There are 2 protein chains.
Amino acid sequence: MIRDTVQTNSHVLIILPQEDRLEIEEGGNLFRFLVCHGYSIPSSCGGMGTCGKCRVLIHKGLKPPTESEEVHLSQVELDQGWRLSCQQKVNCDIVLEVLQIDETTQAKELLKHELHTALDPGMEKVYLELPSPGKEDQCPDTLRVQEGLGVRRITFPLSVLRKVPHVLRVKDFRATVTKEKDRALDVEPGDTTGAFYGLAIDIGTTTIAGYLLDLNSGQEMGIRSQINPQRSFGADVIARIKHVYEHSETGLKELQEAVVSAINRMIHQLCQTAAIEPAHIYKVTVAGNPTMLHLFTAVDPSQIDHSPYIPVLRDGMIISANELGLETNSEGRVYIIPAISGYVGADITAGVLFSGLHQSSKLSLFVDIGTNAEIVLGNKERMLACSTPAGPAFEGALIKHGMSATPGAIAHVLLGGDGEPRLEVIGNSIPKGICGSGLIDLIAELRKLELIDEKGKLLTQDNLRYAKRVTSDERSQPQFLVSGGDKPISLTQQDIRELQLAKGAIRSGVDILLRKWGAAPDDIDVVYLAGAFGNYVRRESVLRIGMLPPFPLEKLKPVGNAAGQGAKLCLLNQGEWIEAQQLAERVQYCELSYYKGFSDTFIDNLYFKGI
Amino acid sequence: MIRDTVQTNSHVLIILPQEDRLEIEEGGNLFRFLVCHGYSIPSSCGGMGTCGKCRVLIHKGLKPPTESEEVHLSQVELDQGWRLSCQQKVNCDIVLEVLQIDETTQAKELLKHELHTALDPGMEKVYLELPSPGKEDQCPDTLRVQEGLGVRRITFPLSVLRKVPHVLRVKDFRATVTKEKDRALDVEPGDTTGAFYGLAIDIGTTTIAGYLLDLNSGQEMGIRSQINPQRSFGADVIARIKHVYEHSETGLKELQEAVVSAINRMIHQLCQTAAIEPAHIYKVTVAGNPTMLHLFTAVDPSQIDHSPYIPVLRDGMIISANELGLETNSEGRVYIIPAISGYVGADITAGVLFSGLHQSSKLSLFVDIGTNAEIVLGNKERMLACSTPAGPAFEGALIKHGMSATPGAIAHVLLGGDGEPRLEVIGNSIPKGICGSGLIDLIAELRKLELIDEKGKLLTQDNLRYAKRVTSDERSQPQFLVSGGDKPISLTQQDIRELQLAKGAIRSGVDILLRKWGAAPDDIDVVYLAGAFGNYVRRESVLRIGMLPPFPLEKLKPVGNAAGQGAKLCLLNQGEWIEAQQLAERVQYCELSYYKGFSDTFIDNLYFKGI
């Protein structure tokens, strides 16, 4: 993408603080360009100029503000050089600054986890000291390598084949061959067996997590998480699929470029920190929901978003890194982890693999809550799965002061006896909003204090200690003031409704799977809570709002980013990848929207029961 | 290569008579550009401006002649618009005409041959009528196809996978899948099983032959042969290898582009004539000598041209058409036929496969004479092979009035009793020169008349009928006048010396293989003469000059373009391709240049013995 010389009719972009240098065509849209090059630019309108979120600070190449910029930015901001990237049609060189969206401490912790598997990545590096050719030994180069490896049939991809004659002669026929079964992936001069790395990736709708591992030792060399820049095209999978079919020429390509560029930036950052070469990454395993993996491979996901919800692919597959544009070793092998259905993806396969649910003789429940919630119930004999549209409530969307679990988010709330909420804020800063775990805590606490009734109504009677915080909003609807000050944060009646829809859907999924299985909640031995949400939510609160059946607290086991952990298992051990395929095929998927009793169960579960 | 809009700093080339439209960069060299786009431009200096052969007729965009053009072209030619393409640095749009080098009638006949093999190309087209998805059938697209095929594991290359969702829905889940074992090559809407084609190619140093076959019936749909445009970079493999290492940045790429472009032109011509789509060619088999196949795959052949003559590859391999740039179906499979050594290539493997030598219990000899001669001696138990530098004498080079077997070439000569040579001229035109078969006839006849002595000296005594035709050339060397008129054609003493070197080398190769085997010429059951030369040379003459041991005439069996026929066998039947691999591995290669008795045998064989 980055060329040294600038073509006619294109301009140079310098992006601070990294000082990335890119070239953009005359008239190119800055927002779209940045997103397609893997930069995470906030947006909820997809570049239409209506949300005002995609701001960048322009140091050089500033133009007078557009109408839309005057609406969304203050005069002070405009004077400082802030502009909306979607409003910039580039016609000169530009130096600009992109807002950094930090990975949270939470996310960092979440990524670390212990893995237990044998080290057997299904590929190897072999150092060869081959005899030099001579009158008595006219053996061709490739055959010489094969004889050195002791394997007669090795396939050399063209790019490797073309390197062979030169590489063998650099260090007098001492060379290292990287191979996967009977396929050569690379050949290098001398002994490079020590440099043998792999990358596990979990492409989430919101966040991409990457783990760099040493395939010689299994040691973790680095972890990174970053916002999925596709977010600029839409917050959830439905919005992104819509972008694909509404922009039939370019949409799919834009979304693929966005995620591939983001992963490439991650690769370079991980390699730089670990002081290794990207070309020494030979294996990549990828988990993610079905839409994310369709977009990653540029396979049209359009059939996923409407009944009967048909994905193109489900099985795992192996692709060369160069076909996808990944900047690892160009012949590196990218293992796409198998999915279960159009809405239960490779992330769930990998998560279940990591949890061990599929190997246990006892009945377990696996719940991964994000924009959708995926639920797997089963044991080593049988597995059932479903997906419910949990709604984006837990990720901050549609909640008045909702936000994602980034610094400034209220992550936990306790309503003590003193009438003052005790808040845990990410980064210990002044609260800026409330994230999913905080929302559940808050509603659970309000329910405990009976400030919310069974039907979910925020009560206004003033005979309770916290009642003075229950006020009316601008539309005369009741709201609960969580935090005062300059920028007060409150919970609205509408927020409670959003949570009811989400928790009702999840609970219904669990109930229906139990019904199909013919089991009661008591039959379940362990409940795995996967994902960032599962890790940070207070289990007491989850149970209090009735999102799950009334399990004993100790049965709830957070398993962190189980998808990423499962991807790491597949990276370290080829057998785990095969097991993932078998696991995925064994799961029976239940389409809740076709399930007759669903509406009834769902409405019943909207209510809060018990206290 | 051809774009609709012209970039800044580039110009339009229109090439007559085809009216091909190409775009060339400002300052580009016309000769190199034409060659790299598959046009056959005569040249023996590789574009240095010293041979004067690369002339083109410029209709528009004519510039004043350069010094080199004034040396090599007459004033009339310059006035007509003839220029040397190597002297043209393009700085405007140009309309020009390229000399057409016709395929000869000989070559056309040579290509046709009967094949006997079962039709089993190792791939198939399957028409599927799949059930549409619905609430009760949420099967993913790829799995639906797999179930239709009744094969659970099918690999979909990314390009095919990306077509699947759209293609399935064009004709309501009726579609045709082309597959090779467990690999899908294409998916098309509706029933296209009737359109299933393959291409067999023999890449010769001088000529490329292509055969289009219907893989449903085995029927031949078309044949084409054309000059290998790499010839512009050098007449033989050594010159082309030299071009690669003398132009390390570009040489290999130029040579590959030249041959690939030529093959692509051939593909389009064959398809146009047969009224089929190039995308319906799914399988390509390729024979050729090792250097040709290294250049075709852009693998550096530099180690082949010096001792110990090490090729990079020898085994067969399968490559996707898109990796090589072949304009067949982009996922079409290109089968490179295995070679035997650095100088005994896939053309010989394919030729021997076609001859059946490797299956016979009787001892056979296979001789393919071109710039090099390759010789295989053996039976179904054991095979020996060698390569001898026959020299380019048989292809017209280094012979005063030598030329290739194109119209105007004297192909056969009889010296009757009347003192007038009887000449057979290709195209029945006025003789312009003499080709390999004519040269051998002529020398054999002169030897019969004892005008050439045992040592190869052209005798000048005048007591013989043809003696009046023996005159002196400008350097007072004796020469034999073959044809008088405006442009007399003669054979010089030096020409006889060139032939002696060539026939001596070939005979030595045969003798040494026989010696290694421990057999006498009488033990040989049949002698296969492969290639254009073997097909058109008079066998009596071959025997008379002693190029082969004194076999009975009826043992010599011309087999035409055996390499092309072998490539067709591999195209039609997957088992033949596997057999070619086994055959190649069984041949024991003898490096004559390392053989102790070679010099002695060679010098002995320079002489003419018997009459």
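**Figure 1. Helix α12 of chain B, length and burial.** In this predicted model, helix α12 of chain B covers residues 436-448. At 1.5 Å a residue, its 13 residues should span 18 Å. The end C-alpha atoms are 18 Å apart, so expectation and model agree. The helix is mostly covered, with 12 of its 13 residues buried. The buried set begins with Gly436(B), Ser437(B) and Gly438(B). It also includes Leu439(B), Ile440(B), Leu442(B), Ile443(B), Ala444(B) and Leu446(B). Charged residues are among them too: Asp441(B), Glu445(B) and Arg447(B) are buried. An α-helix has 3.6 residues a turn, so residues three or four places apart point the same way. After α12(B) comes Glu450(B), with a positive phi near 60 degrees.

**Figure 2. A six-stranded open sheet in chain B.** The strand order is β11-β10-β9-β12-β14-β13, and the pairing is mixed. Strands β11 (220-227) and β13 (317-320) of chain B form the edges. Each of these two pairs on one side only. Neighbouring strands of the sheet are turned by 20 degrees against each other on average, direction ignored.

**Figure 3. The β10-β11 pairing of chain B.** Strand β10(B) spans residues 207-214. Seven bridges join β10(B) to β11(B), and the two run antiparallel. Leu213(B) stands opposite Glu220(B), which lies in β11(B).

**Figure 4. Helix α11 of chain B on the sheet.** Helix α11(B), residues 346-355, packs on the six-stranded sheet. Three strands of chain B are touched: β9 (197-203), β12 (281-288) and β14 (333-336). The direction of α11(B) makes about 100 degrees with that of β12(B).

**Figure 5. Chain A as a whole.** Chain A has 18 helices and 26 strands. Its C-alpha atoms fill a box of roughly 100 × 65 × 45 Å along the principal axes. For 611 residues, a compact globule would have a radius of gyration near 25 Å. Chain A has 26 Å, which agrees. Of its 611 residues, 51% count as buried. Among contacts in chain A between residues at least 6 apart in sequence, 66% join residues at least 24 apart.

**Figure 6. The two copies, chains A and B.** A turn of 180 degrees, with a shift of 0.1 Å along the axis, lays chain B on chain A. The RMSD is 0.1 Å. The copies are therefore related as by a two-fold rotation axis. The same surface serves both copies: 100% of the contact residues of chain B recur in chain A.

Terms used: Residues are numbered from 1 along each chain as its sequence is written. Chains are lettered from A and ligands numbered from 1 in the order in which they are written. This is a predicted model: local features need pLDDT of at least 70, side-chain atom pairs count only at pLDDT 80 or more; totals for chains, interfaces and linings use all residues. Copies are superposed by least squares on the C-alpha atoms of residues with pLDDT of at least 70 in both. Two residues are in contact if their C-beta atoms, placed from the backbone, lie within 7 Å. Helices (H or I, at least four residues) and strands (E, at least two) are DSSP runs, numbered from the N terminus. The radius of gyration is taken over C-alpha atoms; the globule rule is 2.2 Å times the number of residues to the power 0.38. A residue is buried if 20 or more other C-beta atoms lie within 10 Å of its own, exposed if 12 or fewer, and partly exposed in between; C-beta atoms are placed from the backbone. Two strands pair if DSSP finds at least two bridges between them. Axes are lines fitted to C-alpha atoms, for helices over the stretch in contact, and angles run from 0 to 180 degrees between N-to-C directions. The expected span of a helix is 1.5 Å times one less than its number of residues.
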